[in-house]
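Please open the structure in your viewer and keep the selection tool at hand. The stops below say what to select next and what is to be found there.

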Amino acid sequence: MEIQMISSRPKGRMESAPDSEVPLLNAIVSCLTREHQRFEEPLMRLANAATRLHSDPSNSKLYKDAVAAWSALSANLWTHLQLESDVVLSWGAARNDVPTELVEALRSEATRIRELVKAFDSAGDRLEAAKALSGLAHLLDEHIERQDHQLFPAIQRSLFKHPVRPN
Ligand SMILES: [Fe+2]
């Protein structure tokens, strides 16, 4: 598998992308960008319902709306985060021209997202559930923004940068 080939490469700070990786990484970045667009609608519903539920935890309709939005969002979230971690962030971490701080910030956010999901799954009441879900909505929004506006452009710039041939 090409994806395994990329993700299993030994770590190091590389100067240029082998030509064979360019189309695959471009396709993965495009796929992740489209998924971010599909996350927008359920993410907005989640943010709205969870924030209001936080102020009104006894409201059953808000709880139901928040859980429904989270279910819609989480259906594809795990494979999405896995692909980002195993391929995009691993590849970015090995590049000189993708900022290390950016890759580390995104890895920390992914860890925090998983922690908030555990907090939601183990929530003892609706207030705890609302806190976890509103935290998830906020963090996912930031995570997507950082990827779309910082990581993906950095990766695309890196992919299109060709090494200078020696004379
Ligand atoms: Fe993403």
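Begin with the whole protein chain, coloured by secondary structure: there are 5 helices and 0 strands, where helices (H or I, at least four residues) and strands (E, at least two) are DSSP runs numbered from the N terminus. Followed along the sequence, the chain reads α-α-α-α-α. What you see is a predicted model, in which local features need pLDDT of at least 70 and side-chain atom pairs count only at pLDDT 80 or more, while totals for chains, interfaces and linings use all residues. Residues are numbered from 1 along each chain as its sequence is written.

Still with the whole chain selected, consider burial: of the 167 residues, 26% are buried, a residue being buried if 20 or more other C-beta atoms lie within 10 Å of its own, exposed if 12 or fewer, and partly exposed in between, with C-beta atoms placed from the backbone. Among contacts with a separation of 6 or more, 75% join residues 24 or more positions apart; two residues are in contact if their C-beta atoms, placed from the backbone, lie within 7 Å.

Next, select Leu-46, Ala-49, Ala-50, Ala-66, Leu-133, Leu-136 and Ala-137, which have the most contacts inside the largest nonpolar core, a set of 21 residues. A nonpolar core is here a set of buried Ala, Val, Leu, Ile, Met, Phe, Trp, Tyr and Cys residues joined through C-beta atoms within 7 Å. At least two residues of this core come from each of helix 2 (21-55), helix 3 (60-93), helix 4 (100-121) and helix 5 (126-160), and helix 5 gives the most, with 8 residues. For a second, separate core, which has 12 residues, select Val-29, Leu-89, Trp-91 and Val-103, all of which it includes.

Now centre the view on Leu-133, which is found in helix 5. Is Leu-133 buried or exposed? Leu-133 is buried, because 29 other C-beta atoms lie within 10 Å. Leaving aside neighbours within four places in sequence, Leu-133 is in contact with Leu-46, Ala-50, Ala-66, Trp-70 and Phe-120. Add Ala-69 to the selection: Leu-133 and Ala-69 are 64 residues apart in sequence, and their C-alpha atoms are 9.8 Å apart in space. Then move to Ala-137, which touches Leu-43, Leu-46, Ala-47 and Ala-50 when residues up to four places away in sequence are not counted.

The remaining stops are pairs of helices. Select helix 2 and helix 5, which pack at an angle of about 155 degrees with their axes 8 Å apart; axes are lines fitted to C-alpha atoms, for helices over the stretch in contact, and angles run from 0 to 180 degrees between N-to-C directions. The two helices are therefore roughly antiparallel, given that angles under 35 degrees count as roughly parallel, over 145 as roughly antiparallel, 65 to 115 as roughly perpendicular and the rest as oblique.

Turn to helix 3 and helix 4, whose axes lie 10 Å apart at an angle of about 160 degrees, so that helix 3 is roughly antiparallel to helix 4. Their contact is made by Leu-81, Ser-85, Leu-89, Gly-92 and Ala-93 of helix 3 and by Val-103, Leu-106, Arg-107 and Ala-110 of helix 4.

Finally, select helix 3 with helix 5, which pack at an angle of about 35 degrees with their axes 11 Å apart. Here Tyr-63, Ala-66, Trp-70, Val-88 and Gly-92 in helix 3 meet Arg-126, Ala-130, Leu-133, Leu-151 and Ile-155 in helix 5.
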